[in-house]
Amino acid sequence: MKIVFLEPLGLSVEAIGNACKNLKEQGHDVVIYADRRPELNIERAAGADIVVESNMPLRKDFLDACPNLKMLSIAFTGLDHIDMEECKRRDILVKNAAGYSTEAVAEETICMMIGLYRHVIENDRVTRSCQGQAILPGREIAGKTVGIIGMGAIGQRTAALAQAFGCRVIAWNRTKKEVPGVTFVDKETLLKESDIVALHIALNNETRDFLTAKDFTLMKKSAVIVNAARGPVVNTNDLAEALKNGTIAGAALDVYDGEPPLKSDNPLLTAPNTMLLPHIGFATHEAFELRLGIVVRNVEEFVK
């Protein structure tokens with residue numbers, strides 16, 4: 001089979017080649033591209049039986065151009081960038097890299113909580129300007145109520161880290177689970193009681209615009225939102241308005257309605273008390289190494 005890596009997945013071509021040693025020894029043709037060029041995806045995937053990539057959108061036009069395609073090994077957790085209906089129709093197996101970024105995203109979530117509470121970005125800016133005084137005082141997350149929306153692997157790991165910092169943790173999930181130290185509540189109760197709301201739900205038709213203007217009015221004026229899930233689960237315009245009106249106190253985001261770079265008219269760019277990161281929650285050396293092992297293993301299991 002022809003196996004094409006459309007990008008190096010944050011690692012070296014040599015590292016990917018070493019991970020694919022068994023596949024090469026079995027006689028499979030492994031092609032690894034050393035850069036990420038979405039505009040060349042169709043050209044690069046010509047003749048491929050299996051394609052490996054992370055979060056570049058693969059839609060019907062790509063699938064039309066790849067008639068031999070039998071599998072997509074996606075080096076990402078979410079699959080909303082893949083035309084799943086079309087893959088199902090064509091009998092193309094799609095496997096994700098579940099679990100590779102659990103620790104990375106959970107740690108980033110805590111990082112954003114503390115960053116908001118201690119005005120890290122603003123204080124860095126003041127210091128670098130060599131003018132003015134520090135922005136004081138900050139807040140401690142210890143003793144605060146953290147409400148987690150979505151209790152999959154990342155939500156549960158975030159809950160454990162938040163508890164280690166001395167937080168009370170409550171959660172909403174589509175189905176209740178038994179998670180040590182976590183009290184499950186309905187959505188309204190979570191929004192009313194939380195000092196920090198952290199989102200860890202997948203994006204689908206049910207969760208799009210999961211938080212809108214009416215939800216923000218339920219929250220404490222001192223509450224903040226941290227979103228490391230998917231951008232569209234929070235309505236962008238409503239969130240920006242809530243921040244500008246003081247309905248809530250702040251927001252830290254690593255995900256948006258569309259991948260960074262953001263468009264210059266995005267209302268979050270001018271919203272106060274925000275920390276805006278360029279979708280880096282998954283991006284650690286440890287996570288990249290772990291996901292390479294997962295995507296290669298997925299391919300190996302398929303070719304058997």
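Colleague: What makes a residue count as touching Met 71?

Modeller: Touching means a contact, that is, heavy atoms within 4.5 Å. By that rule, and leaving out residues up to four places away in sequence, Met 71 touches Asp 49, Ile 50, Val 51, Ile 92, Leu 93, Lys 95, Asn 298, Val 299 and Phe 302. Keep in mind that this is a predicted model, where local features need pLDDT of at least 70, side-chain atom pairs count only at pLDDT 80 or more, and totals for chains, interfaces and linings use all residues. Residues are numbered from 1 along each chain as its sequence is written, and side-chain values use heavy atoms, with hydrogens and water left out.

Colleague: Why is Met 71 called buried or exposed?

Modeller: Buried means under 20% relative accessible area, exposed means over 50%, and partly exposed is in between (1.4 Å probe, protein chains only). Met 71 has 0% relative accessibility, so it counts as buried. Met 71 sits in strand S4 (residues 71–74); a strand here is a DSSP run of E with at least two residues, a helix is a run of H or I with at least four, and both are numbered from the N terminus.

Colleague: How far from Met 71 is Asn 298, in sequence and in space?

Modeller: Met 71 and Asn 298 are 227 residues apart along the chain, yet their C-alpha atoms are separated by 9.7 Å. Across the chain, 63% of the contacts between residues at least 6 apart in sequence join residues at least 24 apart.

Colleague: Now Arg 291. How do you know whether it has a salt bridge?

Modeller: A salt bridge needs a side-chain nitrogen of Lys or Arg within 4 Å of a carboxyl oxygen of Asp or Glu. For Arg 291, the nearest side chain of opposite charge is Glu 7, at 5.4 Å, and there is no salt bridge although Arg 291 is buried. Arg 291 lies in helix H12, and its contacts beyond four places in sequence include Leu 9, Ser 54, Tyr 100 and Phe 282.

Colleague: What makes the phi of Asp 91 worth a look?

Modeller: Most residues other than glycine have a negative phi, and most peptide bonds are trans. Asp 91 is not a glycine, but its phi is positive, about 60 degrees. Asp 91 is in the loop between helix H5 (84–89) and strand S5 (93–95). With 68% relative accessibility, Asp 91 counts as exposed.

Colleague: And what about the phi of His 279?

Modeller: His 279 has a positive phi too, about 55 degrees, and is not a glycine. His 279 is in the loop between S12 and helix H12 (285–303). Its relative accessible area is 11%, so His 279 is buried.

Colleague: Which residues does the cis bond with omega about -10 degrees join?

Modeller: Leu 136 and Pro 137. Pro 137 belongs to the loop between helix H7 (120–129) and strand S6 (145–149). There is also a cis bond from Pro 260 to Pro 261, with omega near 5 degrees.

Colleague: Why does the radius of gyration agree with a compact globule?

Modeller: The radius is taken over C-alpha atoms, and the globule rule is 2.2 Å times the number of residues to the power 0.38. For 304 residues a compact globule would have a radius near 19 Å, and the chain has 21 Å, which agrees. Buried residues make up 49% of the 304.

Key:
Lys, Arg positive; Asp, Glu negative; His and termini not counted.
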